[in-house]
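Visitor: I am new to this structure and would love a close look at a single part of it. Could you take me slowly through one small sheet, and then show me what else deserves a glance?

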Amino acid sequence: MAKPKTQFVCQNCGTVHSRWAGKCEGCGEWNTIVEEDPMGGIGSGPGKVPKKGRAVTLTALSGETEEAPRIHTGISELDRATGGGFVRGSAVLIGGDPGIGKSTLLMQAAAALSRRGHRIIYVSGEEAVAQVRLRAQRLGAADTEVLLAAETNVEDILATVSEGKRPDLVIIDSIQTLWSDTADSAPGTVTQVRTGVQAMIRFAKQTGAAMVLVGHVTKEGQIAGPRVVEHMVDAVLYFEGDRGHHYRILRTVKNRFGPTDEIGVFEMSDKGLREVTNPSELFLGERNAKSPGAAVFAGMEGTRPVLVEVQALVAATSLGTPRRAVVGWDSSRLAMILAVLEAHCGVRLGQHDVYLNVAGGYRISEPAADMAIASALVSSLAGIALPADHVFFGEISLSGAVRPVSQTAQRLKEAEKLGFSGAMLPATSAELPKGSSARWTMIEDLPDLVSRIAGSVKKLGKQEEDD
Ligand code: TYD
Ligand code: MG
């Protein structure tokens, strides 16, 4: 059978299909499949005749290794997310929604590195030099020696960065604008993006320059998203945030040279991104502690504790099917907690609308937040405010038991540091910090929690007034 002349590639996930379809089988996205020429791009070229291979020297696992050489930006939130700075000879992908602040962050990083004497090249494929200059002025970076180019052709970019002294860091903004003469597909397609990124990675490995690639997360599927090159780069960071809020989180999802659960927190201001070294203060900023339905969750992001308020509103419904609306948390997890409350504690919410919100537009991914959520729900339903000086954490299982979570000591220490004097935590928690004057309330199971909120929380509240 003859080889098909063309193939159909999903621009979202890169799955290859033999014929066009409206929906991609690989990722379930609609209208993302585009016809591409399989002869172009990586692995293609004139050398179709297999050449004789050259044997490489095999080596042992043991032996001398060096710590990866890094360049520090001095922006500590960025350095934290990258695992201690950009690694020379590596490629980092920074993905995020358009307009979230990727170019701003990288311009600030470029300026900071340039001030430290590094040679930085910023290649913008989206904005003209004048626009980039304007942004640099706004960020107070215009006086630095960052070298600028507005170019999208891969071969021209390579020729430019190869000229003169080797750069320490090259920023490509963005990969979706890259196009190469060697690939036949249209710019922005998976083949073009992969070819361009491959060429940039090769340059980084050959010269030892660090390479930062910007990728827009695309929903429409008209252009290839950053997912299609995630496997090729050494580290993948996503820049997230809510447009309604000023804070932004740089989250590591892959890192060949460091931990993957770190976050960097920034706040967007009129002079660019400002580092937020204590995120808890940001998320607890506008707290109204006296109202029912609010609980402070002591969470962890990697090695760093983050305190955040969860808010619940439980109100009698006028609809046949009550509403469940969740912002910042998993809605199926909420359904699970509602079911456990109903099955084991007799808390009936079938006639109530339930709204759940995580303050500040933050997103919680830890199951450790179960207890804070359950407390907020019960508190709102009963109209009893939770003790304002308490934090909550613990995972709830389907049997109603409260299970211990990791890093108890760090969570409690952070809570104490921010002025909380008590916590409700799983009874089986280990590693409690010693010599602390705080009150730990050990919770056995969910009925225990509910009865404490209904009864003893009032007592705790009184105690607090007595103090
Ligand atoms: P940008 O870095 O261009 O986003 P991306 O490269 O991810 O597409 O940032 C765009 C937004 O940031 C824009 O809406 C304006 C805002 N912004 C500020 O609020 N303050 C600033 O100092 C700058 C430079 C941008
Ligand atoms: Mg940009």
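**A small sheet and its surroundings**

Guide: Let us start at a turn. Strands β1 and β2 form a hairpin with five residues between them, and in this hairpin G14 takes a positive phi near 85°. Please keep in mind throughout that this is a predicted model.

Now follow the strands on either side of that turn. β1 covers residues 7-10, and two bridges join β1 to β2, with the two strands running antiparallel. You can find both partners by residue: V9 is bridged to V16 of β2, and F8 has H17 of β2 as its bridge partner.

β1 has another neighbour too. Four bridges link β1 to β3, again in an antiparallel arrangement. One place to look is Q7, whose bridge partner in β3 is E36.

Put these pairings together and you have the whole sheet: three strands in the order β2-β1-β3, open, with antiparallel pairing. β2 (16-17) and β3 (33-36) each have a single partner strand and stand at the edges, so one side of each has no neighbour in the sheet.

Before leaving this part, look at the loop between β2 and β3, where N31 lies. N31 is not a glycine, yet its phi is positive, at about 55°. Why is that worth a second look? Because most residues other than glycine have a negative phi, and most peptide bonds are trans.

With that in mind, there are two further spots to visit along the chain. Q407 sits in the loop between β21 (402-403) and α9 (408-417). Like N31, Q407 is not a glycine and has a positive phi of about 55°. The other spot concerns a peptide bond: the one joining D173 and S174 is cis, with omega of about 5°. S174 belongs to the loop between β9 (169-173) and α5 (190-207).

Next, turn to the ligand. Around ligand 1 there are 17 residues, and the closest are G99, S103, T104, S269 and G272. By class, this shell is made up of four nonpolar, seven polar and six charged residues.

Three contacts are good places to zoom in. A polar side-chain atom of S103 is 2.5 Å from an oxygen atom of ligand 1. At G101 the contact is through the backbone, with an N or O atom 3.0 Å from an oxygen atom of the ligand. S269 also uses a polar backbone atom, which lies 2.8 Å from a nitrogen atom of ligand 1. As for how covered the ligand is, ligand 1 taken alone exposes 560 Å², and the protein buries 75% of that.

Where does the shell come from? The elements that supply two or more residues are α2 (102-115), α3 (129-138) and β13 (263-269). Of these, α2 gives the most, with three residues.

Last, let us look for gaps inside the protein. Rolling a probe the size of a water molecule over the atoms shows where empty space is left. Searching the whole structure turns up two cavities of 30 Å³ or more.

The largest cavity has a volume of about 70 Å³. Its lining is formed by R70, A81, T82, G85, F86, V87, S90, V92, A235, L237, N255 and F257. Elements that give two or more residues to this lining are α1 (76-82), β5 (86-87) and β11 (235-241). Sorted by class, the lining of the largest cavity has seven nonpolar, four polar and one charged residues.

The second largest cavity holds about 50 Å³ of space. Ten residues line this second cavity, and R287, A294, L386, P387 and A388 lie nearest its centre. Two or more lining residues come from each of β15 (294-301) and β19 (390-392), with β15 giving the largest share, three residues. In this second lining, the classes are eight nonpolar, one polar and one charged.

If you would like to retrace the route, begin again at G14 in the hairpin of β1 and β2, and cross from β2 through β1 to β3. From there, N31 can be found in the loop between β2 and β3. Then move on to S103 and its contact with ligand 1, and finish at the largest cavity, where F86 and V87 are among the lining residues.

Technical notes: Residues are numbered from 1 along each chain as its sequence is written. Chains are lettered from A and ligands numbered from 1 in the order in which they are written. This is a predicted model: local features need pLDDT of at least 70, side-chain atom pairs count only at pLDDT 80 or more; totals for chains, interfaces and linings use all residues. Side-chain values use heavy atoms; hydrogens and water are left out. A residue is near a molecule or strand if one of its heavy atoms lies within 4 Å of it. A polar contact is a pair of N or O atoms within 3.5 Å; within protein, one must be able to donate a hydrogen and the other to accept it, and residues adjacent in sequence count only if both atoms are side-chain atoms. Accessible areas come from the Shrake-Rupley method with a 1.4 Å probe; for residues, only the protein chains shown count as cover. Ala, Val, Leu, Ile, Met, Phe, Trp, Tyr, Cys and Pro count as nonpolar, Asp, Glu, Lys and Arg as charged, and the others, Gly among them, as polar. Two strands pair if DSSP finds at least two bridges between them. On a 1 Å grid over the protein atoms alone, a cavity is a set of points where a 1.4 Å probe fits but cannot get out, and a pocket is an open set with protein on both sides within 12 Å along at least five of seven lines; lining residues have an atom within 4 Å of a point. Grid points are joined across faces, edges and corners, and a volume is the space filled by probe spheres set on the points.
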